Number of protein chains: 2
Amino acid sequence: MADDGSAHQVSRRGFLVGAAGLAGVAVGGAVGGVVGGTVGGAQGAPEDAGGRAVVPFHGERQAGVATPPPAFLTLVALDLAGGVDRDALVRLLRIWTDDAARLTRGEPGLADSEPELAAVPASLTVTVGFGPEVFRVARRADRVPRWLGPLPPFGVDALRPEWSDGDLVLQLCADDQVTLAHAARVLVRQASTFAQVRWVQQGFRHAPGAVPSGTTMRNLFGQVDGTRNLVPGRDDDLIWVGDGPLAGGTGMVVRRIAMNLDTWEALDRPAREQTVGRRLADGAPLTGNAEHDEPDLAATGPDGLTVIPGFAHIRRARTDDPRQRFLRRGYNYDDGAGRDAGLVFVTFQADVAEQFVPVQRRLDELDLLNTWTTPIGSAVFAVPGGVAPGEYLGQRLLV
Amino acid sequence: MADDGSAHQVSRRGFLVGAAGLAGVAVGGAVGGVVGGTVGGAQGAPEDAGGRAVVPFHGERQAGVATPPPAFLTLVALDLAGGVDRDALVRLLRIWTDDAARLTRGEPGLADSEPELAAVPASLTVTVGFGPEVFRVARRADRVPRWLGPLPPFGVDALRPEWSDGDLVLQLCADDQVTLAHAARVLVRQASTFAQVRWVQQGFRHAPGAVPSGTTMRNLFGQVDGTRNLVPGRDDDLIWVGDGPLAGGTGMVVRRIAMNLDTWEALDRPAREQTVGRRLADGAPLTGNAEHDEPDLAATGPDGLTVIPGFAHIRRARTDDPRQRFLRRGYNYDDGAGRDAGLVFVTFQADVAEQFVPVQRRLDELDLLNTWTTPIGSAVFAVPGGVAPGEYLGQRLLV
């Protein structure tokens with residue numbers, strides 16, 4: 001552990017921890033490890049340097065995709081105003097780039113009216129994505145990825161316009177809600193002459209450190225959610241676009257999935273476990289002993305039926321095609337009392353049409369979990385590659 | 001620091017820290033200190049035992065008033081169903097008592113359908129308060145405190161029924177949003193045959209440990225908010241009811257105060273500082289050097305005017321009557337992009353009429369801050385004293 005307050009370059013993935021003042025720092029060196037610091041004051045209350053953790057904004061790829069998910073999410077979709085042309089769009093992207101670089105360092109935005117609220121970076125990331133309209137306004141309609149646009153309709157969908165689509169998306173993640181509220185406010189205010197807010201979605205996971213790092217999140221159905229996930233570093237070809245104008249970028253899908261706690265809670269535990277094909281206690285497949293055991297889809301029980309039923313979510317989500325996978329980075333949402341609850345299901349994949357759509361189609365055809373879940377919002381964005389100092393977000397894609 | 005996993009009785013205020021597994025524990029021994037644990041894994045990612053911190057449910061007084069405010073708040077107001085009589089009310093209070101005791105220990109509720117979501121106590125507190133209807137149903141209308149009921153109307157109010165009043169309130173606070181969502185869900189579901197949800201309010205402060213403990217919170221106007229607060233231990237006679245049926249209890253006021261960020265941000269910093277009478281940077285009064293310096297309300301500047309203007313919030317909030325003070329335990333709220341933002345202003349005081357109302361009346365008459373803030377919800381509850389093992393919430397008040 002380092003005990004000073006200097007900045008530490010901690011891994012090949014380029015995380016930077018700025019641990020100011022009284023902080024001791026413990027650093028996760030593994031790919032995908034959480035970066036942050038904790039320190040216990042011997043006599044006083046414990047202090048946690050997690051508030052000082054910085055995820056670098058600049059890099060080959062945008063942060064907020066392969067970087068570990070902090071506790072809180074705010075997604076803001078915006079629609080471009082009528083008169084915005086290519087020059088105005090570039091001005092907005094320059095402003096956002098500059099402010100995002102500052103805010104993620106724990107510094108106020110350029111026109112920040114509450115600079116004190118910017119002081120706790122708390123692993124803040126700002127990720128920007130584009131809908132097709134951005135390409136059109138930039139006069140680069142020829143570069144719209146073929147998968148960018150509304151997903152094909154699914155039978156389970158009950159989509160509402162107020163949770164769907166958008167010309168631009170800001171994905172903000174942080175381990176502190178005050179930080180997140182302030183950063184979103186600054187970026188939305190800076191955009192006010194260029195774009196109007198279309199929808200805002202907020203989500204949460206466990207607090208920083210409340211569960212051991214690397215623990216798969218649980219959704220509000222109590223399910224271990226996201227076990228079979230892509231792994232940044234190992235599966236980069238499935239997450240990131242390799243070449244073309246979107247090189248270093250990715251495709252982002254946002255699905256707002258309402259979860260009916262009332263009807264779910266009426267099921268007994270065996271029925272719930274069969275619905276998913278995993279045990280609730282530990283997320284192990286019904287044929288296995290531990291969360292990451294490979295499910296045995298062929299195994300049968302004493303009754304001759306498959307242990308993992310035909311309708312089970314994990315059976316339906318699987319395929320022999322290794323490309324039909326994507327990086328899940330979802331967050332729970334809740335009105336506070338479980339009356340309006342669900343998942344802000346965010347996925348990243350190099351090709352939405354090849355990787356996401358076929359899986360969703362299979363789940364649409366048959367997945368018992370559909371009984372209790374309803375997609376009520378849907379949006380797809382192209383996330384441009386990262387930004388080098390001096391560049392603006394999307395520059396290489398739109399120039 | 002203790003390094004084992006046993007429970008530690010840490011202070012005369014009876015906080016208990018259960019630090020399981022790999023946790024090292026740092027304990028705040030001072031009155032009002034934050035209780036929790038942090039530990040840095042030398043090689044792996046940091047682990048934080050804050051998720052394991054337990055605030056005892058049982059005690060002479062209910063937790064959630066004098067205990068340090070965790071990062072997140074959920075307030076649920078409920079209205080009793082038509083047919084609920086005294087016996088049914090007692091059944092509900094017994095159920096809530098039992099479930100609250102379990103959940104705050106990190107254990108599932110008795111009929112908990114998602115026991116895994118209860119595993120992280122994260123300093124969860126459950127505090128229950130009563131509106132006048134509870135006393136009537138319990139046939140104890142003679143015990144309704146004279147201050148229990150809607151506050152007198154104020155000129156600044158724009159109260160909405162959907163944020164006001166209620167027969168019962170559940171105040172849940174925790175350092176983890178998953179914990180909070182689950183606990184609220186369990187308690188609301190258990191109440192479903194007895195009461196309907198009237199409103200839900202959620203709020204946040206900085207994440208556990210993101211700022212040094214003891215730091216006064218900032219609201220979304222960037223102001224240091226709550227400097228001149230009552231101090232549990234020192235000011236107990238102003239916080240807690242001393243005798244009578246509500247002995248060991250307190251009065252709770254909930255005001256939902258909308259804050260207009262658009263118009264506030266249009267002000268320059270000097271104008272904002274004059275509005276409140278404190279500096280934005282550090283919360284020091286305009287006549288002082290540090291946050292907790294006593295304001296000099298008589299001091300004049302070179303122009304002959306008082307340095308702290310006549311309309312300033314801190315001047316108007318003050319009085320020579322030392323009883324006109326209350327414990328503030330507010331939380332920020334925000335829609336995610338600052339379009340619907342403000343403060344869930346929660347106060348506790350032994351006598352709402354004597355302590356809260358006169359201050360609010362002075363602020364209603366003149367307080368420049370009213371230009372940018374609007375109370376849109378208001379509710380008052382009687383919080384009964386604490387619960388000994390075997391008792392139920394409110395038993396001594398209602399029997």
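The following paragraphs describe a predicted model, from its annotated domain to its nonpolar core.

Local features in this predicted model need pLDDT of at least 70 and side-chain atom pairs count only at pLDDT 80 or more, while totals for chains, interfaces and linings use all residues. Residues are numbered from 1 along each chain as its sequence is written, chains are lettered from A and ligands numbered from 1 in the order in which they are written, and side-chain values use heavy atoms, with hydrogens and water left out.

It is handy to begin with chain A. An unreviewed UniProt entry annotates residues 217-387 of this chain as "domain: Dyp-type peroxidase C-terminal"; UniProt positions are given in the numbering used here, feature names are shortened, and annotations may be inferred rather than shown by experiment. The span is 21% helix and 21% strand, and its end C-alpha atoms lie 30 Å apart. Helices (H or I, at least four residues) and strands (E, at least two) are DSSP runs, numbered from the N terminus.

Strand β10 of chain A, residues 250-259, has 10 of its 10 residues buried, where buried means under 20% relative accessible area, exposed over 50% and partly exposed in between (1.4 Å probe, protein chains only). One side of β10(A) carries T250(A), M252(A), V254(A), R256(A) and A258(A), and the other G251(A), V253(A), R255(A), I257(A) and M259(A). Strands count as paired if DSSP finds at least two bridges between them. β10(A) pairs in the antiparallel sense with β14(A) (residues 373-383) over 10 bridges, and M259(A) stands opposite T373(A) there. An antiparallel pairing over 8 bridges also links β10(A) to β13(A) (residues 341-349), with R255(A) opposite F345(A).

Now to the core. In soluble globular proteins, nonpolar side chains tend to be buried together. The largest nonpolar core (buried Ala, Val, Leu, Ile, Met, Phe, Trp, Tyr and Cys residues joined through side-chain atoms within 4.5 Å) has 167 residues, and W96(A) and W96(B) have the most contacts inside it. Beyond its neighbours within four places in sequence, W96(B) is in contact (heavy atoms within 4.5 Å) with residues including L78(B), V128(B) and L393(B).

V128(B) belongs to strand β7 of chain B, residues 125-130, and counts as buried because its relative accessible area is 0%. Besides W96(B), V128(B) touches residues including Q62(B), V383(B) and P384(B). V128(B) and E116(B), 12 residues apart in sequence, are 24 Å apart, C-alpha to C-alpha.

Finally, the cysteines: the structure holds 0 disulfides over all chains, a disulfide being a pair of cysteine sulfur atoms within 2.5 Å. C173(A) is buried at 0% relative accessibility, and C173(B) is buried at 0%.
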